[in-house]
Amino acid sequence: MKKTVFALTALTALLAAPMAAQAHRAWLAPTSTVLSGADAWVGFDAGMSNGVFIPDHAAMRLDGLVITAPDGSVAQPENMMRGRYRATFDLHLTQPGTWRIANVMSGFGAAYKQGGEEKRWRGSEAEMATAIPADATDVVRTRSINRVETFVTLGEPTDIVLTGQGLELAPMTHPNDLAVGETATFKLMQDGKPAANQTITVARGGTRYRDNPEEITVVTGADGGFSVTWPEAGMYWINASVRTPGAGDQIAMNAQYNGVVEVLP
Amino acid sequence: MHLRSLTIALAATGLTAGAAQAADLTATVEIPRLSSASYHRPYVAVWIETPDQTAVQTLAVWYQQTANSEGDGTDWLKDLRTWWRKGGRALRMPVDGVSGATRAPGRHTVTASAARLRTLPAGQYNLVVEAARELGGREVVRVPFRWGAANTGRAAGTTELGAVTVAVSR
């Protein structure tokens, strides 16, 4: 019960501040991505700010944190701490392979008019049917799903299994196998299907120490695919945002993807 | 920024038959003496790759063989970034005849018999040496050689590695 209330509060906070989410970039940055040895520890910083990986605005709420171990089991974070500008936690990599660390927030919302007055509602899909009054007009229903994620690998990389929910990257090139000067290919998927003709923003960290943001934008092809040739080593943020307007009974969709990958020299 | 690919003087001088009975491929790796207040011996990997840089076989990896208060020696194998990515991460260390302790500055020899390289088809290859040092840098040196005929090759690093030579006796 307590947990539900907590999660709902977080959801409401997320949905109530769409502008904040738009203006500031959400990032989940690992301290290492490629590791060797029998086991290893990785720390993570999660924040929202204009400059990626520069914690100077707001810590991320991690209520939707899901860590998937290479064998598909769910792992728990340790040493969770919420600072002013960033939330941090550690992960003990206890098995070889690729670990997926994702903070996923999803929910439903509606905007409508009742008696000439504009009203808004947020909640779960189950509640939506009864939440909107019968005499409501100009009803716009929206489903929101926002994925913030990163990957780390102990030993040899293993396959990443997509959830089929919201926006995800299907890796043609493994996200923990990226090297400067090489070209990596990914496919943007929405609910498990290719998302064609969408703009991808790729931003490298460290903007505080240079004048040019050096952002890369690419557009996905018919198969959702896009390629990036890494100009420099560093930590990169990959973003996509897909808004699909509602029509009739069709619920509008507001999906975001914020991935972090590391490119090594 | 990228891997250093050095020009090689590939001298096709045949070795005398007697010199090469023990080893059919002999590589020498020079670890330079560096004056550093906090010198640690480098981790070194030696492997054979095809001209398109696909790793074929690891010949030697020199790393800390024990655990200490900071961790196990295998924790830093990833710092041999190129080797780790191209093949090291697929190995289960230690590997017999490959794993060894870190070496002191000086010239070291790595040998491989034809029996050990029996799966290597005749053709053009690179011998690759990568060194990564704690609180130091990383360097990769490639030496082209031909397997299937007597020949020698030579290259040199500029920071973490000295001269690297390869001699194939047949």
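**Entry 1. A five-stranded sheet in chain B**

I began with strand β2 (residues 43-49) of chain B, which is joined to strand β8 (residues 123-132) of chain B by seven bridges, the two running antiparallel. I looked up one pair in this ladder and found that B:V46 has B:V129 in β8(B) as its bridge partner. I should record at once that the model is predicted.

I then asked which order the strands of this sheet take. The sheet is open, has five strands in the order β6-β3-β2-β8-β9 (chain B), and its pairing is mixed. I noted β6 (99-100) and β9 (138-147) of chain B as the edge strands, each of which pairs on one side only.

**Entry 2. A four-stranded sheet in chain B**

I found an open sheet of four strands in chain B, ordered β7-β1-β11-β10, with antiparallel pairing. At its edges I noted β7 (106-112) and β10 (151-156) of chain B; each has a single partner strand, so one side of each is left without a neighbour in the sheet. On average, neighbouring strands of this sheet are turned by 15° against each other, direction ignored.

Within this sheet I followed strand β1 (residues 25-31) of chain B to strand β11 (residues 163-168) of chain B: five bridges join them, and they run antiparallel. Here B:A27 stands opposite B:V166 in β11(B).

**Entry 3. Chain B as a whole**

I counted the elements next: chain B has one helix and 11 strands. Along the sequence I read the pattern β-β-β-β-β-α-β-β-β-β-β-β. I also noted that 34% of the 170 residues in chain B are buried. Among the contacts in chain B with a separation of 6 or more, 64% are between residues 24 or more positions apart.

I looked for unusual peptide bonds and recorded a cis peptide bond between B:M93 and B:P94, with omega about 0°. I placed B:P94 in the loop between α1 (81-86) and β6 of chain B.

**Entry 4. Confidence**

I noted an average pLDDT of 89 for chain B, with 87% of the residues scoring at least 70. Over residues 1-21 of chain B the pLDDT is below 50, and this stretch has 33 contacts in the model beyond near neighbours in sequence. Where pLDDT is low, the predicted coordinates should not be read in detail. For the model I copied down an ipTM of 0.84 and a pTM of 0.87.

**Entry 5. Strand β19 of chain A**

I turned to chain A and asked why strand β19 (residues 252-263) of chain A is largely enclosed by the rest of the structure. Nine of the 12 residues of this strand are buried, so the strand is largely enclosed. I took a buried residue to be one with 20 or more other C-beta atoms within 10 Å of its own.

I then traced the strands joined to β19(A). Strand β11 (residues 137-154) of chain A runs parallel to β19(A) and is joined to it by nine bridges. In this ladder A:R147 has A:Y257 as its bridge partner. Strand β18 (residues 234-244) of chain A runs antiparallel to β19(A), with 11 bridges between them. There I found A:V242 opposite A:A255.

**Entry 6. Nonpolar cores**

I looked up the largest nonpolar core, which has 47 residues; A:W27, A:L28, A:F44, A:L91, A:L93, A:L188 and A:W237 touch the most other members. I followed A:L91 and, leaving out residues up to four places away in sequence, found that it touches A:V42, A:F44, A:I67, A:A75, A:P77, A:W99 and A:I101. Another core lies apart from this one and has 37 residues, among them B:A27, B:Y63, B:L127 and B:L161.

**Entry 7. Two positive phi angles in chain A**

I recorded that A:F53, a residue other than glycine, has a positive phi near 70°. A:F53 is in the loop between β3 (40-49) and β4 (58-59) of chain A. Is A:F53 buried or exposed? It is buried, because 23 other C-beta atoms lie within 10 Å.

A:D191 is not a glycine either, and its phi is positive, about 50°. I located A:D191 in the loop between β13 (183-190) and β14 (193-194) of chain A. A:D191 has 15 C-beta neighbours inside 10 Å and therefore counts as partly exposed.

**Entry 8. Where the chains meet**

Finally I asked how many residues each chain brings to the contact. Chain A gives 14 residues and chain B gives 13 residues. On the side of chain A that touches chain B, I noted eight nonpolar, four polar and two charged residues.

Technical notes. Residues numbered from 1 in each chain as written. Chains lettered and ligands numbered in written order. Predicted model: local features only at pLDDT ≥ 70, side-chain atom pairs only at ≥ 80, totals over all residues. Contact = placed C-beta atoms within 7 Å. Nonpolar A, V, L, I, M, F, W, Y, C, P; charged D, E, K, R; others polar. Pairing = 2+ DSSP bridges. Axes fitted to C-alpha atoms, helices over the stretch in contact; angles between N-to-C directions. pLDDT = per-residue confidence, 0-100. Core = buried A, V, L, I, M, F, W, Y, C linked by C-beta atoms within 7 Å.
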